[in-house]
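Reader: I'm new to this one and would like to understand the words people use for it. Could you take me through them?

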Amino acid sequence: MTRCKSGSSQLISSLSLLSLLVLTLFAGGCAAPPVPTPTPSVPTPSVPTPSVPADTIFQGGTILTLAKEGESVEALAVRDGRIVATGTLGSLKALRGPETESVDLGGRTLMPGFVDGHSHFTAYVAMVDVVNVSSPPAGPMRNHDEIVEALAAHIQDNSIPPGTTVLGWGYDDSLLEERTHPDRDALDRASTDHPIVIAHVSGHLAAANSAGLELFGYSAETPDPPGGVIRRREGSDEPNGVLEETAAQRMFLSLAEGDFETKINQLVRGQQRVLAEGITTVQDGATAPGSYALIAETARRGLLEIDVVALPMWNFYDEIAAENEIPLEYTNHFKVGGVKMHLDGSPQGKTAYFRDPYVIPPAGQGPDYRGYPVVPAEVVDATFIKFADLGLPVFAHANGDASADIFVGALEKAMGGRDPIPATFVMIHAPLALEEHLDAMKLYGAVPSFFTSHVFYWGDYHRDSVMGPERAAHLSPTRWAQDRELLFNLHTDTPIVVYDQFHLVWCAVARKTRSGQVLGPDQRLSVYEALRAMTYNSAYAYGEQDQKGTLEPGKLADMILISDDPFSVDVDELQNIDVLATWKEGALVYGSPAAAPDGA
C-alpha cells in the first residue's frame with residue numbers, strides 16, 4: 001500500500017480543555033550508553049550545472065545532512081530558498097558568483113531545522129497574558145500557597161476589577177508539595193471577588209474558586225457532563241472546584257475575548273520564540289475557529305516567517321470549511337494538514353483510558369478505575385471514515401492503551417480494503433501503544449507521535465502512581481516503533497511543556513526521570529534516530545518529506561546552527577546544546593552565525 005496526498009472536511013463531540021483554551025484565548029537504574037561518534041559518511045558531491053550562481057554558500061563547520069547516519073558535508077549552497085548543492089568547498093566553487101554571500105559557520109554545526117511533531121502554537125503564544133502556575137523547570141510553583149500568592153499578586157499588581165475572570169496555566173498536582181489539586185477553598189484565598197480558573201498542565205483538568213464555579217453554573221445540583229467529571233466535596237454533592245475533561249472545558253467557553261490586533265501581535269512575537277528553538281515548521285493542534293481566523297489573517301498580512309500547520313478540531317472543520325477556502329498547500333506559510341480529535345484524557349491527570357486500573361486512582365474513584373473515553377467509539381469510527389474519504393489525515397490524541405484500541409479499531413474500519421491508503425493518520429502521544437497497535441499502524445499507513453518528555457517530567461509519577469513499573473517500562477515505546485521502521489515522530493505538546501527540542505532529543509536517548517533513574521532502557525533511541533524523528537519523520541506526517549527534514553539538493557533551506565555536534569557530546573550534554581541561528585528558506589530569521597552560546 002502506498003500513501004498519497006490530502007483532501008478536506010469534519011463532525012461533533014467533546015473537546016479537550018486545551019482545545020477550548022485555544023478557542024478562548026484566540027476568538028538508580030541502567031546508565032545511558034555513551035554516544036558513539038559516527039564515522040563521517042562523505043556523500044558524492046551534488047553540484048548542478050553552474051549556470052546560475054548560488055545566493056549563499058555555507059562552510060566552515062560540520063554540516064549534518066541527516067539523509068544518512070553519519071553523513072556530513074563540507075559546504076552547502078542555497079539559491080531561491082532551496083538547497084542547490086552539497087559537497088566539498090572545492091566542488092561548490094563553480095557556484096560562487098560576484099553576489100554570492102559566504103556564511104562562515106565558525107566551526108559549529110549546521111543541521112536541518114526541526115519540524116514540530118505536535119504542539120498548540122496559538123495556545124503557546126497566548127500564555128504571555130496568563131499567570132504561570134507551573135512547577136519547575138517550567139515555572140516557580142512548589143505548593144498551593146505559592147499559587148495563591150501569585151494569583152493574588154497578579155490581581156493586585158494589575159488592578160483587575162472585581163468580577164473579571166483571572167486565568168492561570170500549568171499547575172501540576174504531581175509536583176506540588178501537597179500532591180493534590182488546588183481546590184476552591186485554596187483559590188478563594190486568592191480572591192472571592194474574581195472568578196479564578198487555573199488549567200492543569202495536562203490541558204485536561206482545571207481548578208476554580210467559588211466565584212468561578214458560580215459564574216459558570218456549577219452547583220450541587222449540576223450533574224457530571226458526558227465525558228467529564230465535577231469532583232465533589234467528600235460526603236457531599238457540592239463541587240470542590242476540581243474539574244475534569246468536558247467539565248473543565250465549560251470553564252473557558254466565555255473567555256473568548258481580547259483585541260484581535262493584540263492577538264496578532266502576540267502571534268508574531270511568539271513565532272520568534274519558536275524560531276529561537278530551531279523549529280522551522282510548527283503545528284497548531286486542535287485549531288478552533290477563532291485561532292484559525294487569527295493564523296489566516298496573520299498569514300494574509302505576510303507576517304508569518306515560520307510554516308504553520310493547522311489541525312482544526314474535527315467537530316469545527318465543517319464550520320471552518322464553510323467560511324474559508326481551506327489551504328491544503330502552503331499559502332504565505334500557512335496550511336491545513338489534517339484534523340485533530342481527542343479520544344481520552346491525560347495519564348498524569350488520571351483521565352486517560354486504560355485497559356487495566358490505575359495504580360492509585362484519583363480522589364473519589366474506586367480501585368477498578370481505568371479512566372474513560374471522551375468520545376464514543378462509534379463516533380470515532382465515523383469520523384475516521386469521513387476524513388479518509390476526504391483524503392485528510394486525522395491526528396487523534398490517545399494516551400491510554402484502551403484509547404489506542406479505539407484508534408486502531410477505527411483505523412481498520414477506515415482503511416481496510418483501500419489501496420492506496422488515502423492519508424497518513426497519526427496517533428498523538430501514544431504513551432501506552434502496544435506492539436499490536438504499532439503493527440496495525442504499520443499495516444494501515446499510520447504513524448505514532450510520541451510525547452517522550454513524559455519520561456522526564458512524569459516518569460517517576462507514572463511508575464509509582466499512574467501505571468506501575470511494568471507499563472511504565474514501555475512508556476512511549478520508541479524502540480518498538482523504530483524496529484518496525486515506522487516513521488514515528490517526537491513532540492513536546494507545548495504549552496504542556498516548553499519547546500526545547502534538544503531536551504526532547506535527550507529524553508528519547510537517555511530516558512531519565514527527574515530522579516535520575518532510567519525508565520525503559522530497552523526503548524532508548526540513538527542520537528541519529530531521535531534527530532531523524534524530529535526532522536524527516538515529522539515532515540513525513542505532513543506529506544512534506546520531499547521538501548523538508550534533511551539537507552539535500554532540491555529541499556527547502558530550513559536550517560539551524562547549533563553550538564555543538566550532537567554526535568560528539570556525552571548523552572547528558574545533549575540537553576544543553578544551544579540554537580545559535582535559524583534560517584527559513586535560506587533567510588536568517590533568528591540569531592546570528594557569529595553568535596556564541598550562553599557562557600561561551
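Reader: Why are helix 10 and helix 11 called oblique to each other?

Author: This is a predicted model, and in it the axes of helix 10 (residues 377-390) and helix 11 (residues 401-415) cross at roughly 40°. Angles under 35 degrees count as roughly parallel, and 65 to 115 as roughly perpendicular. The crossing angle of roughly 40° fits neither range, so helix 10 and helix 11 are oblique to each other. The axes come within 8 Å, and the crossing is right-handed.

Reader: Which residues in helix 10 and helix 11 meet?

Author: On the helix 10 side, Ala377, Val380, Asp381, Phe384, Ile385 and Ala388 take part. They meet Ile406, Phe407, Gly409, Ala410, Leu411, Lys413, Ala414 and Met415 in helix 11. By class, that contact has 11 nonpolar, one polar and two charged residues. Gly409 goes with the polar class, since Gly counts there, while Asp381 and Lys413 belong to the charged class.

Reader: What makes helix 13 roughly perpendicular to helix 16?

Author: Helix 13 (residues 453-466) packs against helix 16 (residues 501-510) at an angle of about 70°. The range for roughly perpendicular is 65 to 115 degrees, so helix 13 is roughly perpendicular to helix 16. Their axes are 6 Å apart. Ser453, Phe456 and Tyr457 of helix 13 make the contact with His503, Leu504, Trp506 and Cys507 of helix 16. Those residues divide into five nonpolar, two polar and no charged.

Reader: And why are helix 7 and helix 8 called roughly perpendicular to each other?

Author: For helix 7 (residues 260-276) and helix 8 (residues 289-300), the packing angle is about 70°. That falls within 65 to 115 degrees, and therefore helix 7 and helix 8 are roughly perpendicular to each other. Their axes lie 10 Å apart. Helix 7 brings Phe260, Lys263, Ile264, Leu267 and Val268 to the contact, and helix 8 brings Ala293, Leu294, Ile295, Glu297 and Thr298. The classes here are seven nonpolar, one polar and two charged.

Reader: On to the sheets. What makes strand 16 and strand 20 edge strands?

Author: The sheet in question is an open one of five strands, in the order 16-17-18-19-20, with parallel pairing. Strand 16 (339-342) and strand 20 (489-490) each pair on one side only, and they are its edge strands.

Reader: How do you know that strand 18 and strand 19 pair?

Author: Pairing takes at least two bridges. Four bridges join strand 18 (residues 426-429) to strand 19 (residues 447-450), so the two strands pair, and they run parallel. For one opposite pair, look at Ile428, which stands across from Ser449 in strand 19.

Reader: Which strands are the edge strands of the sheet with the order 6-13-14-15?

Author: That open sheet of four strands has parallel pairing, and its edge strands are strand 6 (114-115) and strand 15 (334-336). Further in, six bridges join strand 13 (residues 279-287) to strand 14 (residues 307-312). Thr281 has Asp307 in strand 14 as its bridge partner.

Reader: What is the mean pLDDT of the protein chain?

Author: The mean is 90, and 89% of the residues reach 70 or more. Over residues 1-16, though, pLDDT is below 50, and this stretch has 78 contacts in the model beyond near neighbours in sequence. Residues 22-40 stay under 50 too, with 61 contacts beyond four places in sequence.

Note on methods: Residues numbered from 1 in each chain as written. Predicted model: local features only at pLDDT ≥ 70, side-chain atom pairs only at ≥ 80, totals over all residues. Heavy atoms only, no water. Axes fitted to C-alpha atoms, helices over the stretch in contact; angles between N-to-C directions. Parallel < 35°, antiparallel > 145°, perpendicular 65-115°, else oblique. Left-handed = near helix turned anticlockwise from the far one by under 90°. Contact = heavy atoms within 4.5 Å. pLDDT = per-residue confidence, 0-100.
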